[in-house]
Amino acid sequence: MKKRSISVFLGLGLVVLGSLWLLQRLLMPKYMGDIVEGALISEYYKETTDHDVIFVGDCEVYENFSPITMWEDYGITSYIRGSAQQLIWQSYYLLEETLKYEKPEAVVFNVLSMKYDTPQKEAYNRMTLDGMKWSKSKVDDIRASMMEDEEFADYVFPILRYHSRWQELTSDDFKYLFTKRPVSQSGYYMRIDVKPAQTFPKPKKLANYEFGENSWKYLEKMRELCEEKGIQLILVKAPSLYPAWYDEWEEQIKEYAKTYELPYYNFLELTDEIGIDFTQDTYDGGLHLNLSGAEKMGAYFGKILRDEFQIPDRRADETIASAWAEKCAAYYDMQKRQQEELDTYGYLKMFNSDKE
Amino acid sequence: MILMIAALSMAGCGSNSGAGSTTAAKTEAVETTAAESRQAAETTAEASESAKEAELTGFTFITGDTVIAMNADAAPILEELGEWENYVETTSCAFKGLDKTYSYPGFDLYTYPLDGKDNVNSVYFVDDTVSTPEGIHIGSTKEEMEAAYGTDYEEEFGAYTYTKDKSKLQFLVTDGVIDSVEYTAITPAA
Amino acid sequence: MLFTSYGFLAFLAAVLILYYTLCRRFQWQLLLAASYLFYYWSGPKNLIFIMVTTVTTYFAALKIGHYGEISAAYIKENKAKLTKEERKAYKAGMKKLQRKWMLACLFLNLGILAVLKYTNFAIANINFFLDAFHVGEPISFKNMILPMGISFYTFMAVGYLVDVYRGKYPAKRGLFSFALFISFFPQVVQGPISRFDDVSGDMWADHKFDGKAVSFGLQRILWGFFKKLVIADRILTAVNTIIHDPATYDGIYVFLGMMFYALELYADFTGGIDITIGTAELFGIHLKENFHRPYFSKNIAEYWRRWHITMGTWFTDYIFYPISVSDPMLRFNKFARRHFGEYIGKRMPVYTASAVVWFATGIWHGAAWNFIVWGMMNFVVLMVSQELEPCYKWFHKHFNVNGTLWYKIFQIIRTILLMSALRMFDCYRDVSLTFRMFGNMLVHSRIPQLFDGRFQTLGLAAADYLVLFIGLLILIVTSLIQRSGSVREKLAAKPLIVRFACWYGLFLAVLIFGAYGVGFDSSQFIYNQF
Amino acid sequence: MNELLDMLSDLHEDVDFESCDTLIDDGILDSFDIVTLITQIKDEFDVTIPADEIVPENFNSAEAIWNLIHRLDEE
């Protein structure tokens, strides 16, 4: 009798846990529709081979560099751990976590996020943090990122955060309940459509151009982390025309790079050399590059990585080569799909399903 | 809305504190002081006048006879303003809907999307050909500013910010002279 | 800290575990510590006020009890010697002493309450007159802190003090154990206004872990969360939209808001009390029920016996009776009957007393005219229905409907409508506005208004209304089951699988349909498109 | 006793006060009735019933009320 009742309660316990787990999966956003950026972070864990170069940062990395090009041209293996409005501490903790899985030769950080000294938006926090596997890094990351009205418990049990999505559930939520489709190519977010750069309004004057303490703190931590692991840290500013990159900011970064002998490339000043044509190489009027722009960036930056930092050519390595062969296939397949949509609709249906 | 926020701040932690607020007929969670209930009455009154009125309780920029209130529906305003010099759409990462910027002689008008409508997000002076209804423009002195708006501002790194209802008015002052004027909306998203 | 916050749940879990494990030997001491910690979180300054009330009431009661004993003892010894008159005189003397202490203590504590709660209200009114007669500068409002639950714990203290004075029970010995009675954390937020003799049995007793009691407590809490989070906080959006923009939402929307508010208030208040009582049950402490299916009342008088019961009885016992049977009142009664005749004269004392009670009830709910008017309106309605009693009787005699189901339903609906209408004062928070909107509702309500697009702007989606509707059904059904005794008992008798289905279902309902967390905040519009 | 019963039946003629002993518990007598009763008792018997004597036990039955009156008269 006693035995039986115990087993019954165990059974019910399992039912409860199982159903809750399932519900949580169902209710969490899948980011498989028009907005896929939320799915970027978790995609990293599917990687089978290590990388020599890791990018961290916001859309200025995951929409501006094409790892595939760097592989094809120089055999450089790279991955972009980027996410929407990734804040610098998020970049740091993502890096910290990544280094638990592998030890790259170089780490590339895009400095734009230095301008944010405090958490910005809950929605972006979720897109960066929900995808991470649990680790001390994630816990610290959440702590550093939470806004006042956020609760840690909402991250531990995302169902507490997303419970009201039952009203917005779509077929995608069931379709991708257990497995998601890949949305990026090694963390790169591909767009092949074209929208020529616009002339942006005069940048607003700022009261204070000094980067915030918090930003500096985490840049320091990032530098120290790389130093102790013997990893080359490379600072870059992607060639995005907007949001504005102020000269005052440029100076501070230059200064910092000089003090610690860090390489720093501001691609905004190199666009001619790279050959970026802002009437052709951007898909949203100059904020982000499209595929052709990103490939030019890849080619240019790949060269730097090889020549300046001796990032090795891995094409000889069987396992790596085969892994990347798949990546390339997916890459061209994606390009083909986008081309088809562009031809049929005149725009990319996959990112604008609601547009007539 | 305003009351809900009040209630939220009143009741402290937790996210459903708003609930307390309407249930005064029973609980201490809300002890309306006379002051509050009056203010409540007023806000209701205001709201009842007309939505437009309510917007106009914040700072407004006036050019010609066009009144630009923060958070106001941009469509009619753009209608009145007519042809612009430059127009820019900007997206933030992973966010549908566009932030739009319209440049007119002397100022830029920024809008943000909300529920399918574009609302005024900010007005930014680009030169000294325009001035606030209170007569402050780029080149005015800090004294003139204080004369026009008083000293009830927050100052940080020479940025003087006045807040009124759901709008902010910010002046950047370098060595006593204003070199930037900006209206910004306190948006529901923020 | 709100009942519906992660913080509270964590706090509760911690206290509960300690209660039945480590602190097994010091259970009430633990509760006291927890209560003061809980109260501290509401604002350190607040502690001073509750402490003052606790200490003063405690010692005043001791003193009063002491005199009581002395006098009793004295009478006993000298029973033989003293004549009836002498005994009366001596008693009266002692009573006077006791009354002195009681009044002093009442004055202090009710004084604190009055100052904190009504200063600004007074100022506002003074200013109104200053302004009206264009004299003097308006007085600026003082920013008073209002300690959490002050109206509740003050009333509990007063009740205790008066009962001791009346010799209902001896004064409690032990300042700290008494402090727990005043500050017990589940009930300090929003009542119920417990009576000392109701809880004294459980509060300091030793409680060994009782699976059934604890699970019942949890069930009650869960039920409270369901009412509060799934129903009240969901419909709240629509209620606020309507009452904060009377210009847009007139006509039938006033009525809609009225009914929505009736539901919201019920779900919110009874839900809160469920959480309170359930929490207390977890610790083996049984608080008085505060509601008895009030929306099934057949008339206002009955409604007020079944809604916020502990408050109603408090006002009856400590204000209504003392006033209506006081000597002056009895003399006034004689006088009235001589001058206004039997009919009116007989009613005078009762009505005067209840007028006072309802004024007090009104202003207790909030320091504003809308609440006072609300209270007085309740009084009027009660008087009228009292006076119409003969007509009802006549009606019932001649039309044999009394007691028939349909007539009952009619009475119930009538009562609900009446109470909801009165509550509009609480909604609009402004007397004249309330009257305006009430008139507007009567004159301009048209069914088609529901389909003129305004309905979609109330801030609730179709799905929300579905949830609300189902929630409402569940409320009604449970209330009906309740008529014949505790729902939890009934369920407990069912087979395990049924119980599991019910409670786990309820849990999921709260978890998913509850209106809590960032996700519910509509300003998070970025998520709408995923 | 009879005067008392008369008073009671003035309040509710449809109740049998001789037998009923749940006047309060069943809400037959509400606060209004009680106060009216007390004022009348004051007139008829010149006995003042103080507020602290107004407890269910004292008013649940005609007999209880009767005893109350006597007890107070004694003191």
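Chain C of this predicted model averages a pLDDT of 88, with 98% of the residues scoring at least 70. That makes chain C a handy place to start a tour of the assembly.

**Confidence**

Within chain C, the mean pLDDT of the elements runs from a low of 85 in helix H13 (residues 327–365) to a high of 95 in helix H6 (residues 175–183). One stretch to treat with care is residues 521–530 of chain C, where pLDDT stays under 50. Even so, the model gives residues 521–530 of chain C 19 contacts beyond four places in sequence.

The mean pLDDT of chain D is 84, and 99% of its residues reach 70 or more. For chain B the average is 72, and 66% of the residues score at least 70. Residues 1–55 of chain B have a pLDDT below 50, yet this stretch makes 124 contacts in the model beyond near neighbours in sequence. For the model as a whole, the scores are ipTM 0.81 and pTM 0.86.

**How the chains meet**

Which chains share the most contacts? Of the four pairs of chains in contact, the answer is chains B and C. Chain D, by contrast, has no contact with chain A, and the closest C-alpha atoms of those two chains lie 43 Å apart. Chains B and D are not joined by a contact either; their closest C-alpha atoms are 22 Å apart.

**Two domains in chain C**

The domain assignment splits chain C into domain 1 (26–206) and domain 2 (218–517). Taken over C-alpha atoms, the centres of domain 1 and domain 2 of chain C are separated by 28 Å. Their contact draws 21 residues from domain 1 of chain C and 19 residues from domain 2 of chain C.

On the domain 1 side, the elements that give two or more residues are helix H4 (84–132), helix H5 (150–165), helix H7 (185–188) and helix H8 (196–203) of chain C. H5(C) gives the most to that side, with five residues. By class, the side of domain 1 of chain C that touches domain 2 of chain C has eleven nonpolar, seven polar and three charged residues.

**Two helix crossings**

Here are two helix pairs, one from chain C and one from chain A.

| Helix pair | Axes come within | Crossing angle | Handedness |
|---|---|---|---|
| H13(C) and H14(C) | 7 Å | roughly 145° | right-handed |
| H4(A) and H14(A) | 8 Å | roughly 55° | right-handed |

In chain C, H13(C) is the helix that has the lowest mean pLDDT among the elements of that chain, and its partner H14(C) covers residues 369–398. From H13(C), the residues that meet H14(C) include C:Tyr351, C:Trp358, C:Phe359 and C:His365. Among their counterparts in H14(C) are C:Phe371, C:Trp374, C:Phe379 and C:Leu382. The contact of H13(C) with H14(C) has twelve nonpolar, six polar and no charged residues.

In chain A, helix H4 covers residues 67–74 and helix H14 covers residues 291–309. Their axes cross at roughly 55°, and H4(A) and H14(A) are therefore oblique to each other. H4(A) brings A:Pro67, A:Thr69, A:Met70, A:Asp73 and A:Tyr74 to the contact, where they meet A:Glu295, A:Gly298, A:Ala299, A:Gly302 and A:Arg306 in H14(A). That contact has four nonpolar, three polar and three charged residues.

**Backbone details worth a look**

Most residues other than glycine have a negative phi, and most peptide bonds are trans. Where does the backbone depart from this pattern? A few loops hold the examples below.

In chain A, the peptide bond from A:Tyr242 to A:Pro243 is cis, with omega near 0°. A:Pro243 sits in the loop between strand S4 (232–237) and helix H12 (247–259) of chain A. Chain C has a cis peptide bond as well, joining C:Gly191 and C:Pro192 with omega about 0°. C:Pro192 is found in the loop between H7 and H8 of chain C, and both of those helices also give two or more residues to the domain 1 side of the domain contact.

What is the phi of A:Tyr31? Its value is near 55°, positive in a residue other than glycine. A:Tyr31 belongs to the loop between helix H1 (2–27) and helix H2 (40–43) of chain A.

Note on methods
Residues numbered from 1 in each chain as written. Chains lettered and ligands numbered in written order. Predicted model: local features only at pLDDT ≥ 70, side-chain atom pairs only at ≥ 80, totals over all residues. Contact = placed C-beta atoms within 7 Å. Axes fitted to C-alpha atoms, helices over the stretch in contact; angles between N-to-C directions. Helix = DSSP H or I, 4+ residues; strand = E, 2+ residues; numbered from the N terminus. Parallel < 35°, antiparallel > 145°, perpendicular 65-115°, else oblique. Left-handed = near helix turned anticlockwise from the far one by under 90°. Nonpolar A, V, L, I, M, F, W, Y, C, P; charged D, E, K, R; others polar. Domains from an automatic or database assignment. pLDDT = per-residue confidence, 0-100.
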